[in-house]
There are 2 protein chains.
Amino acid sequence: MNSVFVIGVGLIGGSFALDIKGIYPNCKIFGIDTNKSHLQEAKEVGIIDAEASLQDLKSADLVVIAIPVDATLNVLPEVLDNISEETIVFDAGSTKEDICLQVKNHPRRRNYLAAHPIAGTEFSGPKAAIKGLYKNKTNIICEVEDTAFKLQERALKLFSDLGMRIRYMNPKAHDKHIAYVSHLSHISSFMLGKTVIEKEKNERDIFDMAGSGFESTVRLAKSSPAMWTPIFQQNKTNVIETLDEYISNLKHFKKLMENEDFEAVFKEMEDANHIKHILNGIK
Amino acid sequence: MNSVFVIGVGLIGGSFALDIKGIYPNCKIFGIDTNKSHLQEAKEVGIIDAEASLQDLKSADLVVIAIPVDATLNVLPEVLDNISEETIVFDAGSTKEDICLQVKNHPRRRNYLAAHPIAGTEFSGPKAAIKGLYKNKTNIICEVEDTAFKLQERALKLFSDLGMRIRYMNPKAHDKHIAYVSHLSHISSFMLGKTVIEKEKNERDIFDMAGSGFESTVRLAKSSPAMWTPIFQQNKTNVIETLDEYISNLKHFKKLMENEDFEAVFKEMEDANHIKHILNGIK
């Protein structure tokens, strides 16, 4: 790996750049970003060696696309237009169906690997990038059979060096399940933040009462709207389905409380406790 | 402080016991608990020196009550019946109005300090007790003026030695605001856990897709139903109000998605981002 291009030098792209540099110390890392101050910051903190543009991609061994998923729909075909036969491109988007469809018939489709590394924090931008972000994290790969074998191999070798575990899924299944285990969590957290802020706007010191439990459930409400809006847009149908079920479960819980059926309230929580065993499986 | 009684030797009571022993190494700590195996465990892990019963409270300098809030309603009057004039009693319950009402006219009311230390984890039982749990945490004290001055002083000295910051509130305001910054978070998390478990019950490996974001929002769904059911029962009116607002915010978000008004979706999240500044204030 001599020449790596990172499109989007924020948390996700920047963290890839840092670890790739660690694994291949002699490779040169180029950054592409519409945000000029992010490029400047990325150079300052040592994420990239130099700025570049899409026209420079001919020389790339690897292109990492880590930008909002609406931008990916536009940029990915253009990237494929500009690379060489030997370049492997992967993205890191939280939706996969629309992105895979977008390049389904592109002559360079076999140079693209559809990926979703399940990693991140609630922060964004180059300064949020961290070394080791991907260690022990899951990377979901879609339509692997549509990527050229030797190029798959190069990407998979990198993911293995980063310490990631790989799961293969089709894009439809990815988008459906990720709505439950990621997209819904973000909405539940954003709306929890909204509910409390609205109520307590005139009583700022009330937040002195908030403990680590509140902090944990509301953490994702710090996430970037620019990143999440297009995710919800592309995964609209699945996300609305999860929201319907979540709202219906909340209404049922409220109904049980109104009916003073606290045995059933207990049972609801006891059933949800089952998440303990499931989460133990994650780590 | 020579003689301390801890009623309920779980996470909260046990953590008090550990730190009190650290501050007053010569004091003797007695445990009272209806769960005999918890008492046994508490002795084994060094949380308490000996078992005791409510009839032994005459000699107590301090009694800490850390049991579910429904049990507190029964036990607190009995504790006050059994203590001496020199004993200070505080509880750690997550509701304050019903508990304060319960002992409003008790002849020993001035020996009681209504407290709510905002601290804990999603775990429970003596083995979940940890040293330093209360350091830099908020302790909400209600109706402080109803506690005898010299006894207030003894409790406040302890809280100060534990590193806690004190906030004074009336019980009604406590119960109203804590519904937003604590009780609602728990329900949002329990129901998130339920929604995902129901959907994914036949596809356990889907949880491989879950990342730290899901883990953070669903963490509180591991909490004890035995502790939380009576909290929701005692704070029913306030909790239902917060649930109404939360559900209405979620429905509005869903409506915006259905209408494909993604500018408004962006705005919703941007507004909720404000929680960043508020949470920075907490730490």
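Start by selecting β7 of chain B in this predicted model, residues 138–142, and color it by face. B:T138, B:I140 and B:C142 sit on one side, B:N139 and B:I141 on the other, and every one of them is buried, so both faces of the strand are covered. With five of five residues buried, β7(B) is largely enclosed by the rest of the structure.

**Out from β7(B), both ways**

Now add the neighbors. On one flank, select β6(B), residues 112–117: four bridges tie β6(B) to β7(B), and the two run antiparallel. To see one of these pairings, show B:H116, whose bridge partner in β7(B) is B:I140.

Then add β8(B), residues 165–169. Here the pairing with β7(B) is parallel, through five bridges. Show B:T138 and you'll find B:R165 as its bridge partner in β8(B). Keep B:I140 on screen as well, since B:R167 of β8(B) stands opposite B:I140.

Where do you end up if you show the whole sheet? You get an open sheet of eight strands with mixed pairing, in the order β3-β2-β1-β4-β5-β6-β7-β8 of chain B. The edges are β3(B), residues 50–51, and β8(B), each paired on one side only.

**Just past the strand**

Step into the loop between β7(B) and α5(B), the latter spanning 149–162, and select B:E143. What is the sign of phi at B:E143? It is positive, about 50°, although B:E143 is not a glycine. For context, most residues other than glycine have a negative phi. B:E143 counts as partly exposed, at 21% relative accessibility.

**Over to chain A**

Hide chain B for a moment and show the strands of chain A. There is an open eight-stranded sheet here too, ordered β3-β2-β1-β4-β5-β6-β7-β8 with mixed pairing. Its edge strands are β3(A), residues 50–51, and β8(A), residues 165–169, and each pairs on one side only.

Pick out β7(A) and β8(A): five bridges join them, and they run parallel. A:I140 has A:R167 as its bridge partner in β8(A).

Next, move to β1(A), residues 3–7, which runs parallel to β2(A) with five bridges between them. Show A:F5 and A:F30 together, as A:F30 in β2(A) is the bridge partner of A:F5. β2(A) covers residues 28–32 and is mostly covered, with four of its five residues buried.

Before leaving chain A, select A:N136, in the loop between β6(A), residues 112–117, and β7(A), residues 138–142. A:N136 is another non-glycine with a positive phi, about 65°. Is A:N136 buried or exposed? Exposed, with a relative accessible area of 59%.

**Where the chains meet**

Bring both chains back and select the residues in contact: 90 from chain B and 90 from chain A. The two chains bury about 8,800 Å² between them, 69% of it on carbon and sulfur atoms. Which three residues should you highlight on chain B? Take B:V181, B:D208 and B:M209, which supply 8% of the area chain B buries against chain A, more than any other three residues.

For the polar side of things, there are ten salt bridges between chain B and chain A. One to zoom in on joins the side chains of A:K254 and B:D244, at 2.5 Å from N to O. Across the interface you can also look for 24 residue pairs in polar contact.

Which elements carry chain B's side? Those giving two or more residues include β7, β8, α6 (171–200), α7 (212–218) and α11 (275–282) of chain B. The largest share, 22 residues, comes from α6(B). By residue type, chain B's side divides into 42 nonpolar, 22 polar and 26 charged.

**Last stop: α8(B)**

Finish on α8(B), residues 225–234, another of the elements that contribute to the side touching chain A. Seven of its ten residues are buried, so α8(B) is largely enclosed by the rest of the structure. Show B:P225, B:W228, B:T229, B:P230, B:I231, B:F232 and B:Q234, which are the buried ones.

What do these residues pack against? From chain A, select α9 (236–258) and α10 (262–272). From chain B itself, add α3 (69–82), α4 (97–102), α6 and α9. With those in view, the buried residues of α8(B) are seen packing against helices of both chains.

Terms used: Residues are numbered from 1 along each chain as its sequence is written. Chains are lettered from A and ligands numbered from 1 in the order in which they are written. This is a predicted model: local features need pLDDT of at least 70, side-chain atom pairs count only at pLDDT 80 or more; totals for chains, interfaces and linings use all residues. Side-chain values use heavy atoms; hydrogens and water are left out. Contact means heavy atoms within 4.5 Å. Buried area is the accessible area (1.4 Å probe) that two parts lose on being put together, summed over both. A salt bridge is a side-chain nitrogen of Lys or Arg within 4 Å of a carboxyl oxygen of Asp or Glu. A polar contact is a pair of N or O atoms within 3.5 Å; within protein, one must be able to donate a hydrogen and the other to accept it, and residues adjacent in sequence count only if both atoms are side-chain atoms. Ala, Val, Leu, Ile, Met, Phe, Trp, Tyr, Cys and Pro count as nonpolar, Asp, Glu, Lys and Arg as charged, and the others, Gly among them, as polar. Buried means under 20% relative accessible area, exposed over 50%, partly exposed in between (1.4 Å probe, protein chains only). Two strands pair if DSSP finds at least two bridges between them.
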